[in-house]
Amino acid sequence: MESPSALDRPATLESMVKIRGLHKRYGSREVLRGIDLDVPTGSVMCIIGPSGSGKSTLLSCINHLERIDGGRLWVGGELVGYREHNGRLYELPERQVARMRQKVGMVFQQFNLFPHMTALQNIIEAPIQVKRVRSAQARQRAMELLDRVGLAAKHPMFPAQLSGGEQQRVAIARALAMDPQLMLFDEPTSALDPELVGEVLAVMKDLARSGMTMVVVTHELAFAREVGDELAFMDAGVIVERGLPRAVLSAPKERRTQDFLSRVL
């Protein structure tokens, strides 16, 4: 059942993301320690937690920007980054990994726009170079996306001419230009001045209403309460607590969650 705190949008129980027993190490340090997680198609999963808890690493593993050290991870029913044979995982060639990544759009803390390209050029680059979309078609789609994020008039401007909030909205449009099935957001407002946060969150709310499956690492608890279908609190590489955002934020059951929220609410 859709959470009462979630926005009105289509819902389905089929998992877009399925994670079982996920482990990730850097040397002797285990960053993810047996993560199990399901994200139903069309839902918004918000992830909160202290710095160093493994939140960003989890997103990078979903997109196979980081290799995993144990467990399994599926996006859209497809094993991410590996093929399995006789119970063992074998990493796929980069060409196949790149094809799988086209299912997933990712928006980072920093905007990562090409500084020498205009807003429009930043958006059309990947569809033309990776998906071989015709230039005219890519430009038309890019203008539609810029309009969607409220920046159609800014299409000839370079990143340095845009505010941080505008750059992040271009970054979202760039990710959407690849027509992903899943969007990952890694603290998308953390680098923004407070007065610019709202314009980015408004675009993300619109995406949620449209039925886009989203996994959002965020410190914006009001956004998680309003938009999230489920909230997961991570600490020390594990999911400590998860549930309906309103319930977790208002009445957390685990002591570690209580301690964290007492400092940030």
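In the predicted model, helix α3 meets helix α5 through A119, N122 and I123 on the α3 side and V170, A173 and R174 on the α5 side. By class, the residues of this contact comprise 4 nonpolar, 1 polar and 1 charged. Two packed helices are described by the angle between their axes and the distance between the axes. For α3 (residues 119-129) and α5 (residues 164-176), the angle is about 25 degrees and the axes lie 8 Å apart. Because angles under 35 degrees count as roughly parallel, α3 is roughly parallel to α5. The crossing of α3 past α5 is right-handed.

Helix α3 also packs against helix α4 (residues 135-148), here at an angle of about 130 degrees and with the axes 9 Å apart. The angle therefore makes α3 oblique to α4. As α3 passes α4, the crossing is right-handed. On the α3 side, the contact is formed by L120, I123, I124, P127 and I128, and on the α4 side by S135, A138, R139, A142, M143 and L146. The contact of α3 with α4 divides by class into 9 nonpolar, 1 polar and 1 charged residues. Residue I123 of α3 takes part both in the contact with α5 and in the contact with α4.

Strands of a sheet pair through backbone hydrogen bonds, either parallel or antiparallel. In this model, 6 strands form an open sheet with mixed pairing, in the order β8-β9-β10-β3-β11-β12. The edges of the sheet are occupied by β8 (104-107) and β12 (238-243); each has a single partner strand, so one side of each lacks a neighbour in the sheet. On average, neighbouring strands of the sheet are turned by 20 degrees against each other, direction ignored.

Within this order, β9 is placed between β8 and β10. Strand β9 (residues 182-186) pairs with strand β10 (residues 213-217) in the parallel sense, over 5 bridges. One pair of bridge partners consists of M183 and M214, the latter in β10. Helix α5 packs on the sheet, where it touches β8 and β9, and the direction of α5 makes about 170 degrees with that of β8. Helix α5 thus has contacts both with the sheet, through the edge strand β8 and its neighbour β9, and with helix α3, through V170, A173 and R174 of α5.

How values were computed. Residues numbered from 1 in each chain as written. Predicted model: local features only at pLDDT ≥ 70, side-chain atom pairs only at ≥ 80, totals over all residues. Heavy atoms only, no water. Axes fitted to C-alpha atoms, helices over the stretch in contact; angles between N-to-C directions. Helix = DSSP H or I, 4+ residues; strand = E, 2+ residues; numbered from the N terminus. Parallel < 35°, antiparallel > 145°, perpendicular 65-115°, else oblique. Left-handed = near helix turned anticlockwise from the far one by under 90°. Contact = heavy atoms within 4.5 Å. Nonpolar A, V, L, I, M, F, W, Y, C, P; charged D, E, K, R; others polar. Pairing = 2+ DSSP bridges.
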